[in-house]
Protein chains: 2
Amino acid sequence: MSNLSTLSQPKRNVDIASQQETAWRQQGSLWSNLRQVCELLAIPAPATADDEDTLFQHVRYKAGQRIHRIGQAFDTLYIVNSGFVKTLHIDEFGNEQVLSFPMKGDILGIDGIHKQHYASEAVALSDCDMILVPYKTFAALGRIHCELEQAMFSVMSREIVREQMMISMLSALSAEAKVARFLTNLGERFSQMGYSGRSFNLRMTRQEIGSYLGLTLETVSRTLSALNELGMISVEQREINLLDTAALKSLRRLPPAKARNKVAEKVTALVNKNLLPQWNPELSTAIN
Amino acid sequence: MSNLSTLSQPKRNVDIASQQETAWRQQGSLWSNLRQVCELLAIPAPATADDEDTLFQHVRYKAGQRIHRIGQAFDTLYIVNSGFVKTLHIDEFGNEQVLSFPMKGDILGIDGIHKQHYASEAVALSDCDMILVPYKTFAALGRIHCELEQAMFSVMSREIVREQMMISMLSALSAEAKVARFLTNLGERFSQMGYSGRSFNLRMTRQEIGSYLGLTLETVSRTLSALNELGMISVEQREINLLDTAALKSLRRLPPAKARNKVAEKVTALVNKNLLPQWNPELSTAIN
DNA sequence: CGCCAATTTGAGTCCCATCAATATTTGTGG
DNA sequence: CCACAAATATTGATGGGACTCAAATTGGCG
């Protein structure tokens with residue numbers, strides 16, 4: 001967090017830089033080249049890139065450490081290499097509002113570009129290894145490698161789409177559906193990272209989950225218990241097992257205990273009749 | 001309410017282009033140059049730009065017309081020059097979820113960059129004049145004018161921040177606060193466009209407002225009536241007057257209906273007034 | 001004028017927040 | 001290593017805010 005000035009030099013001056021690198025390595029820092037960063041972001045690396053041309057510094061954060069603050073002058077983007085993070089707003093009353101739970105491959109700080117000050121706060125949920133991307137380097141790369149500019153727009157567009165999905169979820173779904181989707185989404189993320197998408201443990205508190213989903217921590221806890229009793233998941237503290245991902249994904253609301261069986265029949269009946277072509281936007285618009 | 005587009009004067013230099021332009025003009029098309037587009041987006045125009053170098057076509061949409069669909073192949077961005085638009089998601093059950101109400105100076109279609117297909121639907125709420133920006137032109141401009149690339153990142157970042165604010169609002173505020181903020185935000189938008197920020201009329205239905213805010217149309221209607229009775233606004237159908245913007249902005253939750261109706265609730269009323277000077281954020285949090 | 005969409009308003013219900021008590025886990029220092 | 005404190009989770013009881021269902025009214029438009 002301290003000497004960011006040294007890393008804004010894209011080109012490495014071998015003699016001096018290698019000394020510094022050794023020093024950084026001792027405190028847990030590493031360097032990644034452009035190809036590695038692109039792979040992490042799941043975007044195609046420019047063929048023209050020289051692996052040693054541009055290097056990006058790693059920085060480690062311990063659980064609980066703040067990565068950037070609201071209002072802080074913006075100059076670098078962060079890419080999560082390992083570990084778990086939360087980003088949040090703090091409203092005029094001091095209440096925290098969790099906005100996202102970035103993990104491996106996610107990028108932080110984009111919201112700072114607009115006003116050149118970070119618009120959100122980022123805090124490490126676990127020990128993290130973050131890659132620093134000075135914004136100036138970021139912008140310069142777009143001009144050097146045309147394909148990269150396209151990829152950078154794509155990454156920002158993806159973030160916008162993700163937030164749109166979040167808005168839809170927040171304003172349309174019941175508490176049970178929110179929690180169910182949260183778990184399945186998390187599972188998919190873990191799968192992509194090479195871990196089990198079925199069995200994992202949460203890195204965040206019920207409070208943080210509730211804030212993220214627009215619920216209270218008690219409702220989150222109760223909902224997890226309910227999903228547990230219904231056999232869709234098993235949960236003990238932060239240890240989660242997804243037992244019926246299909247049911248979780250299609251869950252809209254937990255029917256009142258008396259009618260639970262009936263509604264389940266209805267849904268399956270509709271699906272069988274092809275009236276609910278789920279998760280296919282093309283078809284659902286055709287219905288109108 | 002209709003034709004604001006006198007500011008876009010087509011410049012013609014080529015013979016072929018002028019023929020086409022005449023044809024387009026007959027169906028209501030005009031052209032804007034890069035400088036005019038930048039002004040509309042409120043970003044600095046590159047000094048190196050030749051006014052005749054790149055021209056952007058206008059297209060008019062009538063109220064109710066669709067501008068782009070979900071899943072449609074993405075190739076152009078749209079900038080609102082005049083008129084009002086709504087963008088929306090359609091979930092797997094066919095329910096509409098309004099995402100934004102773009103107006104003059106707003107950009108549409110960014111969500112299509114990621115997958116090269118639009119992720120949302122855009123519909124004109126009134127007659128509209130839209131400027132077409134082919135995505136290829138957009139990308140090429142960033143490479144030609146370095147300042148523009150920065151501005152384009154900034155515009156996308158601004159969109160991300162806007163959606164973050166939306167997420168915070170959806171998950172933390174009461175129905176009254178949502179409606180109140182919606183109105184004050186609209187007022188500010190109208191002010192920026194040169195209209196009255198105090199007195200305006202809504203271009204969208206209660207249904208659409210409710211979808212946008214995560215409420216039902218009945219709740220929106222009831223809330224507007226309540227704000228009307230409290231003297232914060234006056235509302236008749238879609239005609240809105242903001243009478244106390246300060247109160248609206250700081251509104252968290254309406255006092256319980258009992259306290260409003262029971263005029264002669266003696267001591268308790270006074271106590272409530274002292275302890276709960278409603279729509280005063282400072283004090284109401286101090287109580288918590 | 002007549003039709004249909006939009007809006008308003010009412011009555012009843014339920015989901016979720018709130019308040020509260022307890023249990024369990026984590027962290028810390030002696 | 002244990003004890004104690006603080007943080008985190010679970011579970012219950014209760015009330016209220018927003019949804020649902022329903023009816024009446026208004027306004028727009030062919």
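This report covers the protein surface near DNA strand D and the relation between chains A and B.

## Basis of the model

The model is predicted: local features need pLDDT of at least 70, side-chain atom pairs count only at pLDDT 80 or more, and totals for chains, interfaces and linings use all residues. Residues are numbered from 1 along each chain as its sequence is written, chains are lettered from A and ligands numbered from 1 in the order written, and side-chain values use heavy atoms, without hydrogens and water.

## The surface near DNA strand D

Around DNA strand D there are 20 residues. Near means that a heavy atom of the residue lies within 4 Å of the strand. R206(A), R222(A), R238(A), A175(B) and T219(B) come nearest. Of the strand D atoms within 4 Å of the protein, 63% belong to sugar and phosphate.

By type, the surface has three nonpolar residues, nine polar and eight charged. Here Ala, Val, Leu, Ile, Met, Phe, Trp, Tyr, Cys and Pro count as nonpolar; Asp, Glu, Lys and Arg as charged; the others, Gly among them, as polar.

## Atom pairs and helices

The R222(A) side chain places an N or O atom 2.7 Å from a base nitrogen of strand D. On chain B, side-chain N or O atoms of E176(B) and T216(B) each lie 3.1 Å from a phosphate oxygen of strand D.

Elements giving two or more residues to this surface are α7 (217-229) of chain A, plus α5 (175-192) and α7 (217-229) of chain B. α7(A) gives the most, with five residues. Helices are DSSP runs (H or I, at least four residues), numbered from the N terminus.

## How the chains relate

A turn of 180° and a shift of 0.0 Å along the axis lay chain A on chain B with an RMSD of 0.1 Å. That is the relation of a two-fold axis. The superposition is by least squares on C-alpha atoms of residues with pLDDT of at least 70 in both copies.

The copies meet through the same surface, because 89% of the interface residues of chain A are also interface residues in chain B. Contact means heavy atoms within 4.5 Å.

Methods: A polar contact is a pair of N or O atoms within 3.5 Å; within protein, one must be able to donate a hydrogen and the other to accept it, and residues adjacent in sequence count only if both atoms are side-chain atoms.
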